[in-house]
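Biologist: Could you take a close look at one part of this model for me? I'd like the reasoning spelled out, not just a list.

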Amino acid sequence: MKGTDFSNPAGFILLGFSDQPQLEIVLLLVVSTIYILTLVGNTAIILVSNVNPELHMSMYFFLSSLSFLDLCFTTSIILQMLWNLEGPEKTISYPGCVIHLYLALGLCSTECVLLTVTAYDRFSAICQPLSCRHAPKTSPAPGSCGLDQWFRGVHGSDHPHLPVDSLQPPHSG
């Protein structure tokens, strides 16, 4: 006799610390504190590099871009974690998981591209100091380069190596 599984789960069940719920409260407080410090620190970097006219160079433009990227990446990951730590229902739907995966892949690849461009900027400033002009941030070069790196990073996540388009729920049986 062939068994048939008619169950259709709503998504993934995240176990976490299900056997020790008192650890979830402590972890919620620790992660919330770290998240708030991350928000304050990255926001301070962005504000200081934009307000101070002496910091209007390409290096600080890329630093503020990396800070903004860190804000986006941290927010996309930590908020889901805090939601699952705080709430009684610890599940994530399949479409939610795919969206979360694509968001994380896009932000990670954007960070890799932006770090590469930042490293090349520093390389050219150190190895060729006389030919390297430190253009002010108001010139179009750093801004268009930053936007181009965001586009390249997000576009690179359109074709992941994981077959997430064919993500199917597991069937028991």
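How many salt bridges does the structure hold?

Modeller: Keep in mind that this is a predicted model. The structure holds one salt bridge. Its partners are Asp-121 and Arg-122, with the closest N and O atoms 3.3 Å apart. Asp-121 has a relative accessible area of 11%, so it counts as buried, the cut-off being under 20%. Arg-122 comes out at 25% relative accessibility, and therefore goes down as partly exposed.

Now for helix H1, which runs over residues 21-51. With 31 residues at 1.5 Å a residue, H1 should span 45 Å, and its end C-alpha atoms are indeed 45 Å apart, so the two agree. The buried residues of H1 include Glu-24, Leu-28, Val-31 and Tyr-35, and further along Thr-38, Asn-42, Ile-46 and Ser-49. Part of what covers them is helix H2 (58-86). H1 also holds Val-26, and Val-26 joins Val-30 and Ile-34 in a nonpolar surface patch of about 260 Å².

How does that sit with the annotation? An unreviewed UniProt entry lists residues 25-48, 60-79 and 99-120 under "transmembrane region". Over residues 60-79 the chain is 100% helix and 0% strand, with the end C-alpha atoms 28 Å apart. Residues 99-120 are likewise 100% helix and 0% strand, and there the end C-alpha atoms are 32 Å apart.

Terms used: Residues numbered from 1 in each chain as written. Predicted model: local features only at pLDDT ≥ 70, side-chain atom pairs only at ≥ 80, totals over all residues. Heavy atoms only, no water. Patch = residues over 30% accessible without salt bridge, like charges linked within 9 Å, V, L, I, M, F, W, Y side chains within 5 Å. Areas by Shrake-Rupley, 256 points an atom, 1.4 Å probe, with all protein chains shown as cover. Salt bridge = Lys/Arg side-chain N within 4 Å of Asp/Glu carboxyl O. Helix = DSSP H or I, 4+ residues; strand = E, 2+ residues; numbered from the N terminus. UniProt positions renumbered as here; feature names shortened; annotations may be inferred. Expected span 1.5 Å × (residues − 1). Buried < 20%, exposed > 50% of the residue type's maximum accessible area, 1.4 Å probe, protein only. Contact = heavy atoms within 4.5 Å.
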